[in-house]
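Visitor: Could you take me through this structure? I have a few short questions.
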Amino acid sequence: MDPEALVQCPYDKSHQVRASRLPYHIVKCQRNHPQVARMLATCPFNARHRVPQANLRSHIASCPDKRLSDLPHGTAWPPPLPPWWPFPAVPPLQLSPLSPQRWTCPSATG
Ligand SMILES: [Zn+2]
Ligand SMILES: [Zn+2]
């Protein structure tokens, strides 16, 4: 792919990013969209590919970076998913839960 070609950010459809910058953009952008990041799986053939988990199987079947020739003879296709699947390369940010403390009015104590 042309490294200068604009590609669409998987996290925000309004983002158009140069293909050469996409890996960096994805790392930044997934922090801004943890909910979206949780819904996306990383392609096993190209870490730049982020696809909705529901579409992962069809993406694997049609991934342009898939290299069947790399597979040893007799390997079943599609291969079993690796044990780390479907964790993203970068773990999602931990969102701190809301404080369990009740709101109290300081002047109301006592
Ligand atoms: Zn983005
Ligand atoms: Zn792919």
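Guide: The model is predicted, and the answers below take up a helix, a core and a residue before the strands.

Visitor: Which residues of helix 1 are buried?
Guide: In helix 1, which spans residues 22-32, the buried residues are Leu22, Ile26 and Gln30.

Visitor: And where do they sit around the axis?
Guide: Leu22, Ile26 and Gln30 lie on the same side of helix 1, because they cover an arc of only 65 degrees around the axis. In an α-helix there are 3.6 residues a turn, so residues three or four places apart point the same way.

Visitor: What covers the buried residues of helix 1?
Guide: The cover includes strand 1, strand 2 (16-18), helix 2 (34-39) and strand 4 (50-52).

Visitor: Which exposed residues are on the face turned away?
Guide: That face of helix 1 carries Tyr24, Val27, Lys28 and Asn32.

Visitor: Changing topic: what makes up the largest nonpolar core?
Guide: Five residues form that core: Tyr11, Ala37, Leu40, Ala41 and Leu56. Leaving aside residues up to four places away in sequence, Leu56 touches Ala41 and Val51.

Visitor: Now Pro3. Where is it placed?
Guide: Pro3 belongs to the segment before strand 1, which is 6-8.

Visitor: Is Pro3 buried or exposed?
Guide: Pro3 counts as exposed, because it has 9 C-beta neighbours inside 10 Å and the limit for exposed is 12 or fewer.

Visitor: What does Pro3 touch, then?
Guide: Beyond residues up to four places away in sequence, Pro3 touches Arg18, Ala19 and Ser20. The C-alpha atoms of Pro3 and Ser20 are 4.7 Å apart, although the two are 17 residues apart in sequence.

Notes. Residues numbered from 1 in each chain as written. Chains lettered and ligands numbered in written order. Predicted model: local features only at pLDDT ≥ 70, side-chain atom pairs only at ≥ 80, totals over all residues. Helix = DSSP H or I, 4+ residues; strand = E, 2+ residues; numbered from the N terminus. Buried ≥ 20, exposed ≤ 12 C-beta atoms within 10 Å, placed from the backbone. Contact = placed C-beta atoms within 7 Å. Arc of directions from axis to C-beta. Core = buried A, V, L, I, M, F, W, Y, C linked by C-beta atoms within 7 Å.
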